[in-house]
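Hi,

Here is the structure I said I would pass on. Have a look at it first, and then read my notes underneath.

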Amino acid sequence: MSLIAIVHIAHEDLALSPTIRECPDVRIRVMSQSVTDPDTGLFFFYVENGGQAFEAAIERDHTVVEWMQVNDADSGTVYRLEHTPETLLLSPKTIELGGLMRDATSDGTGWTVRLQFEDREALSQLWEYCQETGITFELQRLFRDQSWVDAELTALTDPQLDALVTAYEEGYFEEPRTSSLEELAEQLDISPTAVGGRIRRGTAALIETTLTEE
């Protein structure tokens with residue numbers, strides 16, 4: 001059995017923090033394969049609703065040494081970034097404490113991360129590290145998970161989960177609908193386009209992990 005913690009972290013020197021604040025409607029997600037190997041100095045990010053404004057922001061971002069676009073598609077763009085030496089990264093400390101960062105997604109003010117540890121002691125040590133370095137550490141959810149190794153990790157992200165649950169609670173899936181994308185966007189404090197994208201991608205992820213087989 002393992003411990004799953006959903007945490008919001010923020011600091012002006014955390015990776016891409018200036019860009020996140022300058023472009024709050026852009027959704028940035030750390031690609032998991034780069035999280036597990038921080039010693040390379042290269043990190044990969046999947047960016048939605050980016051474009052020229054996002055690229056102009058990362059040019060000014062003091063946490064970025066250099067960047068390049070790796071892949072571009074209608075749904076989003078993959079970027080490879082190299083961070084400056086003073087950039088704060090939570091993944092190395094998480095790994096040092098025997099944990100795993102399963103997901104990290106920007107939310108307009110910082111990062112929402114899903115962390116996995118074997119016990120509360122390791123999570124407490126990470127909280128102490130954040131206190132020492134000035135990183136804001138806000139625990140949002142904490143629960144136990146039986147699937148440390150054996151179960152398949154779902155592709156559903158926390159923003160997608162929030163969008164789907166909110167849409168369900170507000171009657172978006174009812175017939176006739178009792179809520180619109182605009183109303184959901186106001187409640188979630190994001191754009192209607194972003195809400196629609198999270199609902200579509202979240203639904204696809206649920207279908208992929210629960211209804212389809214290899």
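Below is what I found, going from the overall picture to the core, one helix and the charged pairs.

One thing to keep in mind from the start: this is a predicted model.

**Overall picture**

The protein chain has 214 residues, and 45% of them are buried. You will find eight helices and eight strands in it. Of the contacts with a separation of 6 or more, 64% are between residues 24 or more positions apart. The accessible surface of the chain is about 11700 Å², and carbon and sulfur atoms account for 48% of that.

**The cores**

As background, nonpolar side chains in soluble globular proteins tend to be buried together. Here the largest nonpolar core has 36 residues, and the ones that touch the most other members are I9, L16, I28, F45, W111, V113 and L126. Quite a few elements feed into this core with at least two residues each: the strands β1 (2–10), β2 (27–30), β3 (42–48), β5 (77–83), β6 (100–106) and β7 (111–117), plus the helices α3 (52–60) and α5 (120–133). The top contributor is α5, which gives five residues. There is also a second, separate core of 12 residues, with A163, A167, A194 and A205 among them.

If you want one residue to start from, try I9. Leaving out neighbours within four places in sequence, I9 is in contact with L14, L90, G110, W111, V113, I135, T136 and F137.

**Helix α3**

Which residues of α3 are buried? They are F54, A57 and I58. Looking down the axis of α3, these buried residues fall within an arc of 95 degrees, so they line one face of the helix. That fits a general point: an α-helix has 3.6 residues a turn, so residues three or four places apart point the same way. The buried residues of α3 pack against α1 (17–22), β2, β3, β4 (64–72) and β5. On the face turned away from the buried side, α3 carries the exposed residues Q52, E59 and R60.

**Salt bridges**

There are five salt bridges in the structure. One of them picks up R60 again, whose side chain meets that of E22 at 2.1 Å, N to O. R60 belongs to helix α3 and E22 to helix α1, so the pair ties together parts that are 38 residues apart in sequence. R60 is exposed at 54% relative accessibility, while E22 is partly exposed at 42%.

Another salt bridge joins the side chains of R27 and E48 (2.5 Å, N to O). This pair links distant parts of the chain, with R27 in strand β2 and E48 in strand β3, 21 residues apart. Are these two buried or exposed? Both R27 and E48 are buried.

K93 and E96 make a salt bridge too, at 3.1 Å, N to O. They sit three residues apart in helix α4 (residues 91–96), which means about one helical turn separates them. E96 is exposed, with 59% relative accessibility. Finally, R27, E48 and R201 are joined into one network by salt bridges that share partners.

**Cysteines**

How many disulfides does a search of the whole structure find? The count is zero. Two cysteines worth finding in the viewer are C23, buried with a relative accessible area of 10%, and C130, buried at 0% relative accessibility.

Shout if anything is unclear.

Cheers

Conventions
Residues numbered from 1 in each chain as written. Predicted model: local features only at pLDDT ≥ 70, side-chain atom pairs only at ≥ 80, totals over all residues. Heavy atoms only, no water. Core = buried A, V, L, I, M, F, W, Y, C linked by side-chain atoms within 4.5 Å. Buried < 20%, exposed > 50% of the residue type's maximum accessible area, 1.4 Å probe, protein only. Helix = DSSP H or I, 4+ residues; strand = E, 2+ residues; numbered from the N terminus. Contact = heavy atoms within 4.5 Å. Arc of directions from axis to C-beta. Areas by Shrake-Rupley, 256 points an atom, 1.4 Å probe, with all protein chains shown as cover. Disulfide = S-S within 2.5 Å. Salt bridge = Lys/Arg side-chain N within 4 Å of Asp/Glu carboxyl O.
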